[in-house]
Amino acid sequence: MEIVVNGTVIGERDIAREVQYHPASSFDEARRQAAEALVVRELLLQRARRSIAGSGDDQEEALIATLISREVKIPEADEETCRRYYHAHIGRFRSPDLVEARHILLVARPDDAPALAAARAKAQEVIDLLRGHPHRFPELAKELSGCPSARQGGSLGQLTRGSTVPELETFLFELEQGQLCPVPIRSRYGFHVLEVQQRVEGKTLPFETVQKRIADYLEERVWRRAVHQYIRLLVGASSITGIELKGFSSPLVQ
């Protein structure tokens, strides 16, 4: 059954071309999203051509953008609204925790049990040695580590959350400044000897620093809702056959 939007037919070839822009878990779902997007696009173009003078030769994207800017109005996020959001989500507005660390990597493949056992034993031996001779860390890193950081005495530089493998990160942000991890840490690369040299705790950013970011976020969120509602109104006032609209895969609101 063909799709018809206020008398305009959307053909199967049009839908097939659009499918590539809608990755989904199945072809049927991708096709449904593509068809919805084309229906919404057609509704917006029809509305634009009726309401914007001299729009016949304009580019479709520019027409839709002009229509939305004219007919979808949203209030600016004022300071009070931004402050409420800031205090309600204060944890989002802080500088990242930083650690400066160094490590020694005893390399072993995950599928090589003997090598893993030897690497763990060697890592523990190095930890025991460093407890009494911490100044030897750079020397031992250059001698033993299988990581390129060995050339810098094992230094990993400054790290934030998400900048290294999860196994190391678990310990990085729990160790105290100057603390040598008391146990070898296994990762997919082997076993690590880890020391945190310095910690810089993140700080809450002042409201004034993030006010514009908050305002932009809140206004975009409201804009998306407003556009979605605008499309619903167009759908309700139109004759559409051959499709049951569900999620409104709008070319504007993704």
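In the predicted model, isoleucine 15 is in contact with Ile3, Ile10, Arg31, Ala34, Ala35 and Leu38, its neighbours within four places in sequence being left aside. Ile15 belongs to the largest nonpolar core, which holds 28 residues, and together with Val39 and Leu44 it touches the most other members of that core. Elements that each supply at least two residues of this core are β1 (3-5), α2 (27-51), α3 (60-71) and α8 (207-236). The largest share comes from α2, which provides ten residues. A second core, separate from the one around Ile15, comprises 15 residues, among them Leu116, Ile127, Ala141 and Val193.

Strand β6 spans residues 190-200, and eight of its eleven residues are buried, so the strand is largely enclosed by the rest of the structure. Strand β6 pairs with β3 (residues 98-107) in an antiparallel arrangement, through ten bridges. Within this pairing, alanine 101 of one strand stands opposite valine 196 in β6. Strand β5 (residues 185-187) is also antiparallel to β6, and three bridges join the two. One of the paired positions is serine 187, whose bridge partner in β6 is glycine 190. The connection from β5 to β6 is a hairpin through two residues. As a general point, side chains in a regular strand alternate between the two faces of the sheet.

The β3 and β6 strands also take part in enclosing an internal space. A search of the whole structure finds one cavity of 30 Å³ or more. The largest cavity contains about 40 Å³ of space. Its lining is formed by Leu98, Val99, Glu100, Gln158, Gln198 and Val200. Both β3 and β6 supply at least two residues of this lining, and β3 gives the most, with three residues. By residue class, the lining of the largest cavity divides into three nonpolar, two polar and one charged.

Several individual positions outside these cores and strands were also examined. Asparagine 6 is located in the loop between β1 and β2 (8-10). The phi angle of asparagine 6 is near 50°, a positive value in a residue other than glycine. Most residues other than glycine have a negative phi. With a relative accessibility of 35%, asparagine 6 counts as partly exposed, because that class lies between the limits of 20% for buried and 50% for exposed.

Serine 25 lies in another loop, between α1 (12-18) and α2. Its relative accessible area is 76%, and serine 25 is therefore exposed. Serine 25 and glycine 190, the latter being the bridge partner of serine 187, are 165 residues apart in sequence, and their C-alpha atoms are 36 Å apart in space.

Glycine 236 is placed in helix α8. This glycine has a relative accessible area of 65% and is therefore exposed. The C-alpha atoms of glycine 236 and arginine 41 are separated by 15 Å, while the two residues are 195 residues apart along the chain. Helix α8, which holds glycine 236, also supplies at least two residues of the largest nonpolar core.

Conventions:
Residues numbered from 1 in each chain as written. Predicted model: local features only at pLDDT ≥ 70, side-chain atom pairs only at ≥ 80, totals over all residues. Heavy atoms only, no water. Core = buried A, V, L, I, M, F, W, Y, C linked by side-chain atoms within 4.5 Å. Buried < 20%, exposed > 50% of the residue type's maximum accessible area, 1.4 Å probe, protein only. Helix = DSSP H or I, 4+ residues; strand = E, 2+ residues; numbered from the N terminus. Contact = heavy atoms within 4.5 Å. Pairing = 2+ DSSP bridges. 1 Å grid on protein atoms, 1.4 Å probe; cavity = no way out; pocket = protein on both sides within 12 Å on 5 of 7 lines; lining within 4 Å. Points joined across faces, edges and corners; volume = space filled by probe spheres on them. Nonpolar A, V, L, I, M, F, W, Y, C, P; charged D, E, K, R; others polar.
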